[in-house]
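Hi,

Here is the structure I said I would pass on to you. Have a look at it first, and then read my notes underneath.

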Amino acid sequence: MTDQYAIIGNPVQQSKSPIIHLAFAQVTHQDLDYTKIEGHDFTADVDAFRARGGRGMNITAPFKIDAFAYATERSERAQLAGAANALKFDGDRVLAENFDGIGLVRDVTHNLRCALKGQRVLVLGAGGATRGALLPFLAEQPAELVIANRSLGKAQELVAIGAAKGHVRACTYADLEGQTFDVVFNATSASLKTELPPVPASVFTGCTLAYELAYGKGLTPFLRLAQNAGVKEVADGVGMLAEQAAEAFEWWRGVRPDTRAVIELLTVPLV
Ligand code: ATR
């Protein structure tokens, strides 16, 4: 019987996960189906999917914390993020993973060939996206990781989590005046509202990569600011999306698909 997988979210119609996973299945010759589920009651919806023979799920907003709670076993990555973006069902066992951060780091270091080791890295925002990327970033051993957020307290909470694993500090946007970075990530949700985080353009002096975690939005206000400030390379999160999917696919199926074709297919020009 064809194995069933799905993404659950609300809204979910915008999700590219079915396209990605069905493309992976084709090239790796895996017999699986992958659908979208618009979630309303997370537990009831997932129970129903499992009763229909569901083998695994991806989780998008607003259910990543519900998915974490639903699991019976949680990876270290999921525990550190406090959220799950993938579940695997094995009888009564429900395994939770979070591949967002590792997918981001793989896109940056592998696809974009931008090593983070020894670099000065700035991350804007201190929400779920930054939380998920925190330890994968620190594992790359940047010279320093700075988390800037409007509310300093949230950034300081993340620093407390990461402090034992590397050089990480918190600051406000105003504190960024006069500081420069090699790589800058926008992990705020500002771009979803076509807003610009109040980051001073001076942070981009000498910067080699500006990366927007959102994808499919074209040249966001953040990327435009970076480009105008002379940043050599700007990227959005299409590669992160494909790489986190590849991690989940390998976790479920034991085979790692190549992501190049999917990234090409889903890339929206940054104009
Ligand atoms: P996600 O899971 O996408 O990270 P989240 O947990 O709600 O979403 O976090 C959103 C992040 O975007 C927060 O860091 C938020 O900053 P505050 O904590 O100060 O609210 C940030 N954010 C959202 N809109 C922003 C804007 N216009 N400018 C700067 N930061 C913004």
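Below is what I found, strands first and charged pairs after that.

Before you start, keep in mind that this is a predicted model.

A good place to begin is strand β1, which covers residues 3-9. Six of its seven residues are buried, so most of this strand is covered (buried here means under 20% relative accessible area). β1 has strand β2, residues 32-38, as a parallel partner, and seven bridges join the two. To get from β1 to β2 the chain passes through helix α1 (residues 17-28), and this β-α-β crossover is right-handed. If you want to find the pairing on screen, look for Gln4, whose bridge partner in β2 is Asp33. Further along, Ile8 has Ile37 as its bridge partner in β2.

β1 also pairs with strand β3 (residues 54-59), again in the parallel sense, this time over five bridges. Gln4 turns up here too: its bridge partner in β3 is Gly54.

Now for the charged side chains. Side chains of opposite charge can pair when their charged atoms come close. Searching the whole structure gives 14 salt bridges, and I would start with the ones around Arg256.

Arg256 and Glu243 form a salt bridge through their side chains, at 2.8 Å from N to O. Arg256 sits in the loop between α9 (238-253) and α10 (260-266), while Glu243 belongs to helix α9, so this pair ties together parts that are 13 residues apart in sequence. How exposed or buried are the two ends? Arg256 is partly exposed, with a relative accessible area of 28%, whereas Glu243 is buried, at 1%.

Arg256 has a salt bridge with Glu250 as well, where the closest N and O atoms are 3.5 Å apart. Glu250 counts as partly exposed, with 32% relative accessibility.

Which residues make up the network of salt bridges that includes Arg256? Along with Arg256, they are Arg106, Glu243, Glu247 and Glu250.

One more pair to look up is Arg260 and Asp258, whose side chains meet in a salt bridge at 3.1 Å, N to O. Arg260 is exposed, at 61% relative accessibility, and Asp258 is partly exposed, at 45%.

If you only have a few minutes, I'd click on Gln4 for its partners Asp33 in β2 and Gly54 in β3, and then on Arg256 for its salt bridges with Glu243 and Glu250.

Cheers

Key: Residues numbered from 1 in each chain as written. Predicted model: local features only at pLDDT ≥ 70, side-chain atom pairs only at ≥ 80, totals over all residues. Heavy atoms only, no water. Buried < 20%, exposed > 50% of the residue type's maximum accessible area, 1.4 Å probe, protein only. Helix = DSSP H or I, 4+ residues; strand = E, 2+ residues; numbered from the N terminus. Pairing = 2+ DSSP bridges. Right-handed = clockwise from strand over helix to strand, strands pointing away. Salt bridge = Lys/Arg side-chain N within 4 Å of Asp/Glu carboxyl O.
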